[in-house]
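Here is a short tour of a protein chain, written for someone who likes to see the numbers next to the picture. Have a look at the structure before reading on.

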Amino acid sequence: MSVLFTVLLIVQVISAITIIVLVLLQQGKGADMGSAFGGGSAGSLFGATGAANFLSRATKWAAVVFFLTTAGLAYLGRPAASVAPAGGVMDAVPTDRSVPSVPGLPRPPVPGNDNSVPVAPTAPAAPAAPATRS
């Protein structure tokens, strides 16, 4: 793991924790209604309007840092072109299409292709509809 990847990861975790703390410190929109009756922002640490401005701006910049580190980690974490496999994701799946059997019961023989998936029998052709006269 490169040093830049580790630094970006540490910065992202710190910014995520910062966003969580800043969001929890902010008051909701409904808190202003309670302040009319003597509660709410009267005892606020930053004053009535200063807290909302400071906390919302700090949250915005923490989110910007978080998104930039996320983009940087996605860019650094992508596989190199020379390492990418040539085939698809199903190439490693075994192609054994034999029918599983119940233990203790004999397996019925399949005509034509031993141990393969049996083919459903074909229905006889339906009789042709009678011609209608016009």
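The report below goes from the whole chain to one helix, and then to two residues of another helix.

## The chain as a whole

What you see is a predicted model. The chain holds three helices and zero strands, and its elements run α-α-α from the N terminus on.

Of the 134 residues, 10% count as buried. The exposed area of the chain comes to about 11400 Å², and carbon and sulfur atoms supply 68% of that area. Sequence-distant pairs are well worth a look here: among contacts between residues at least 6 apart in sequence, 63% join residues at least 24 apart.

## Helix α1

Helix α1 covers residues 3-25. With 23 residues, α1 reaches 33 Å from its first C-alpha to its last, close to the 33 Å expected at 1.5 Å a residue.

Which residues of α1 are buried? They are Leu8, Gln12, Ser15, Ile19 and Leu22. An α-helix has 3.6 residues a turn, so residues three or four places apart point the same way. That is a handy rule to keep in mind while you follow the list along the helix.

## A nonpolar patch on the surface

Leu9, Val13, Ile17, Val21 and Leu25 make a nonpolar surface patch of about 440 Å². One of these, Leu25, lies in α1. Is Leu25 buried or exposed? Leu25 counts as exposed because its relative accessible area is 54%, and the cut-off for exposed is over 50%.

## Two buried residues of helix α3

Helix α3 spans residues 50-77, and Thr59 has its place there; Leu55 lies in α3 too. Leu55 is buried because its relative accessible area is 6%, where buried means under 20%. Thr59 is also buried, with a relative accessible area of 14%.

What do these residues touch? Not counting residues up to four places away in sequence, Leu55 touches Leu22, Leu25 and Gln26. Leaving aside neighbours within four places in sequence, Thr59 is in contact with Leu22, Val23 and Gln26. Leu22 therefore appears in the contacts of Leu55 and in those of Thr59, and Leu22 is itself one of the buried residues of α1. Leu25, a member of the nonpolar patch, is among the residues that Leu55 touches.

The pair Leu55 and Gln26 can also be put in distances: they are 29 residues apart in sequence and 6.7 Å apart in space, C-alpha to C-alpha.

How values were computed
Residues numbered from 1 in each chain as written. Predicted model: local features only at pLDDT ≥ 70, side-chain atom pairs only at ≥ 80, totals over all residues. Heavy atoms only, no water. Patch = residues over 30% accessible without salt bridge, like charges linked within 9 Å, V, L, I, M, F, W, Y side chains within 5 Å. Areas by Shrake-Rupley, 256 points an atom, 1.4 Å probe, with all protein chains shown as cover. Salt bridge = Lys/Arg side-chain N within 4 Å of Asp/Glu carboxyl O. Helix = DSSP H or I, 4+ residues; strand = E, 2+ residues; numbered from the N terminus. Buried < 20%, exposed > 50% of the residue type's maximum accessible area, 1.4 Å probe, protein only. Expected span 1.5 Å × (residues − 1). Contact = heavy atoms within 4.5 Å.
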